[in-house]
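Hi everyone, thanks for coming along. Please have a look at the structure on the screen, and then I'll talk you through some parts of it.

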Amino acid sequence: MEAVRNAAAVASSLRLTRTKPPPHPTLTSPKCFCLRKEDAFGNPSSETSLPKLEGHQTNVFEVEELETNDDDIWKLFAHAQRNILYLNKQRLTAMEELKKVQEERDLLLEKIEQLEAQKQTGAQTEPVASPSFADLLLQIDSMVISGMIGSGEASSLRKKVMGSRSQINDAFCEIRHKTDMELLSELRLFTEKMTQNPLHIVHICSEMDPISSCGSLASYVTGLSCALQRKGDLVEVILPKYSNINLDAIQGLRRIDAEFDSYFGGHWHKNRVWIGVTRGISVTLIEPLNYSTFFNRDRLYGYSDDFERFSYFSRASMDYLVKSGKQPDILHIHNWETAIVGPLFWDIFVHQGLGATRVLLTCHDITSQCLEQPSKLELCGLDPHRLNRPDRFQDNTKMNLVNVLKGGIVYSNKVVMVSTIHSRDSLIHSLNHGLEPTLAIHKEKLLVAPYGFDGDKWDPSKDKYLPRNYSAYDIEGKAACKVALRNRLKFSGYSSVVVGCIYSSCTFDVSTFDVDMDNLKAAVRYAMNKGAQLVFMESETPVMNSLMKALQNELKDANVRFIEKYDDALAHLILAGSDIFLCSSFHDPWLQMPLKAVKYGSAPISLNLASDGFRQFKVRDSRGSSQSEYLRQSGWGDCGSTAASQYLLSTYGNMSIGQALDEINTEPSRWAWRIKDGMSKDFSWDAECCDIHRAAYTFIKNL
């Protein structure tokens, strides 16, 4: 900009003005004109009179009659030449200045182009779909006209939409593909969340993915915590500092300089605290100093002193909360390992600044309860004589022992049983866990929530591992994924159907899930006879399951592939490229493959839940009853079922692999509708699982 100002000054210095100079002392007769030059500030600096040629007209300078002689004319001519040279020099200087200004302008334009190019690149790599407010408001109008909502609710929705533009941009990415009913449901949920007050939730637990993971609890804690935090709640997690913890998964891990004391075994003991963040969640690790061997072991569980280990951790977690001055709205405890926090809270800590806090217990495996001698309750400061009673800790069967999980149920404000397929009534009455009387008494406390999965990672519309993305509204990409899968596995020939299966050592375990080897073989052979191609892959385990190994040895065929080493990219492609997905059971807390299969447009077929099995044979459970009788006894369809359970069982609960293959070949339109309907549903952690927990938190906070 300095160059521009200099150029302006030069131009000003060269300005020519009309003037009427005083008469020259010697020049009186010839017609001449006067050249007057001003400096940069507009002051006159010199003037020169030149003769005017006959017949020439000028509208730039004033003309005067002057008297002159030959000498004066030559002097005037020489003066004019000097003026011309001076003007030429100033012109060259101005041109140099102008050139600098143009170069600066070109550099500025180049920089702007680079910034715009970067912006365009960013928009391509991370597309952000911004909704049209006009479209959204027009769809609200459509809801009123169709009678879906009244004018009052419509007015309220419009006001909230107009007053929340930034949140609307994030919440409603695509509205044109959604029906009025779907959009109305989302709008109601959105406006409800806007009026919710954020909660402070502290998980006290033994696992969290990817820090320390042994079972379904780890992914549940992480998935639910992230979902709650995305909805505006503050979530923290307290864990033991295991020696084999995944420290790389914690960002900013550091040790707090100060230590704190916790009570155990009649004495106070020092503990060290580590803090960090994983996936946006605040994490606190408690490291015992006196009992350093408690968590310095190869495994998380399975030791004879597990009660001592986790009762120490539970008491230390409560002492830490009080010491740190935290006052969470909700203490969320998990399984028997931290169930003892319930009685600790109400008997010891509720009056230590935690009067507004409430307790929610999650139970993932109701058969794991931890029975101990009553005297051991004294280790963490509880009174065995007060708690060893039938309505509190005393086990329902072994009266001489206390049941830690039972105590957690009794002393919690709400209890959430996590299961994708079971109803509340089936969990209370049909699993032979010994807690039936306790659960019946506390039935009003009980809720059932389904598992979920990471909706950002497992979504075919944005899956980075797929050759082409697709969704329920644009499903053409699924065919491309099937072609890519067949090429990857080097299947020869053509097959209209691909059957996939991703399993863990736990899900396909005869001792755990009553998987019938003959049933599995029959399912595979039936699919092969119908021309299907099959792929099996074990999930993240180094050694192939013995059941799968036996199946591989028996079924050697060009149309069957067994993948012994887990490949994450291939797992995504198997889900996307398969038409049918074999599951040991719809109850899959480890992998949630049935729900992921539905999202990827692959029909989940359970080998244990088909009502009449395959067309050629009858499926029976380990007790000899038919599967339809087993379903009835298990309480499927009873009240208290989750939406995920109702969908899976009503859509695929009675479907065999034979029925699925027949429908693909003979009723393609019906099959396509079934697949698209499932893909349009949300089974991620952010959906039903999060909503049930959020409602439970809010309810007990207001008690």
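Let me start with a question: which residues are buried in helix α10 (residues 341-349)? They are Val 341, Gly 342, Pro 343, Leu 344, Phe 345 and Phe 349. Please keep in mind that this is a predicted model. The buried residues of α10 pack against quite a list of elements: the strands β4 (200-204), β10 (330-334) and β11 (358-363), together with the helices α8, α9 (335-339) and α12 (404-410).

Staying with α10, its Asp 347 makes a salt bridge to Arg 386, with N and O 2.5 Å apart. That pair connects distant parts of the chain, since Asp 347 is in helix α10 and Arg 386 is in helix α11 (residues 384-387), 39 residues apart. Both partners are partly exposed: Asp 347 has 30% relative accessibility, and Arg 386 has 35%.

Now a quick look at the whole chain. The secondary structure comes to 25 helices and 20 strands. Of the 703 residues, 50% count as buried. Among contacts with a separation of 6 or more, 72% are between residues 24 or more positions apart. The accessible surface is about 33600 Å², and 52% of that belongs to carbon and sulfur atoms.

Next, helix α8, which covers residues 306-324 and holds Arg 315. Is Arg 315 buried or exposed? At 6% relative accessibility, it counts as buried. Leaving aside residues up to four places away in sequence, Arg 315 touches Tyr 263, Trp 268, Leu 344, Ile 348, Phe 349, Cys 380 and Gly 381. Two of the residues we met in α10, Leu 344 and Phe 349, are buried there and also appear among the contacts of Arg 315.

On to the rings. A search of the whole structure finds 21 aromatic pairs. In one of them, the ring centres of Tyr 291 and Tyr 312 are 5.5 Å apart and the planes meet at 55°, so the pair is tilted. Here too, distant parts of the chain are linked: Tyr 291 is in the loop between β9 (281-288) and α8, while Tyr 312 is in helix α8, 21 residues apart. Tyr 291 is partly exposed at 26% relative accessibility, whereas Tyr 312 is buried, with a relative accessible area of 1%. Both belong to a cluster linked by ring pairs, which includes Tyr 242, Phe 264, Phe 294, Phe 295 and Trp 336.

Let's move along to helix α22 (residues 643-652). Seven of its 10 residues are buried, so this helix is largely enclosed by the rest of the structure. Those buried residues are Ala 644, Ser 645, Tyr 647, Leu 648, Leu 649, Thr 651 and Tyr 652. What covers the buried residues of α22? The cover includes α20 (593-599), β20 (603-606), α24 (668-679) and α25 (685-701).

Tyr 647 is buried at 8% relative accessibility, and Phe 683 is buried at 8% as well. As for α25, its Asp 686 forms a salt bridge with Arg 230, the closest N and O atoms being 2.8 Å apart. Arg 230 is in helix α7 (residues 216-230) and Asp 686 in helix α25, so to speak two distant parts of the chain, 456 residues apart. Asp 686 is partly exposed, with a relative accessible area of 23%.One more salt bridge joins Arg 670 and Glu 667, with the closest N and O atoms 3.7 Å apart. Shared partners join these two with Glu 663 and Arg 674 into one network. In total, the count comes to 25 salt bridges.

Here is a small check on geometry, using helix α15 (residues 477-489). At 1.5 Å a residue, its 13 residues should span 18 Å, and the end C-alpha atoms are 19 Å apart, which agrees. The buried residues of α15 are Gly 477, Lys 478, Cys 481, Lys 482, Leu 485, Arg 486 and Leu 489. Their cover includes β16 (498-503), β17 (533-538), β18 (560-563) and α19 (568-577). Right after α15 comes Lys 490, with a positive phi near 60°.

Last stop, the surface. Leu 108, Leu 109 and Ile 112 make a nonpolar patch of about 270 Å². Ile 112 is in helix α2 (residues 70-125), and at 39% relative accessibility Ile 112 counts as partly exposed. Thanks for listening!

How values were computed
Residues are numbered from 1 along each chain as its sequence is written. This is a predicted model: local features need pLDDT of at least 70, side-chain atom pairs count only at pLDDT 80 or more; totals for chains, interfaces and linings use all residues. Side-chain values use heavy atoms; hydrogens and water are left out. Patches are made of residues with over 30% relative accessible area and no salt bridge: like charges are joined within 9 Å, nonpolar side chains (Val, Leu, Ile, Met, Phe, Trp, Tyr) within 5 Å. Accessible areas come from the Shrake-Rupley method with a 1.4 Å probe; for residues, only the protein chains shown count as cover. A salt bridge is a side-chain nitrogen of Lys or Arg within 4 Å of a carboxyl oxygen of Asp or Glu. Helices (H or I, at least four residues) and strands (E, at least two) are DSSP runs, numbered from the N terminus. Buried means under 20% relative accessible area, exposed over 50%, partly exposed in between (1.4 Å probe, protein chains only). Contact means heavy atoms within 4.5 Å. The expected span of a helix is 1.5 Å times one less than its number of residues. Rings of Phe, Tyr and Trp (its six-membered ring) pair if their centres lie within 6.5 Å; planes under 30 degrees apart count as stacked, over 60 as edge-to-face and the rest as tilted.
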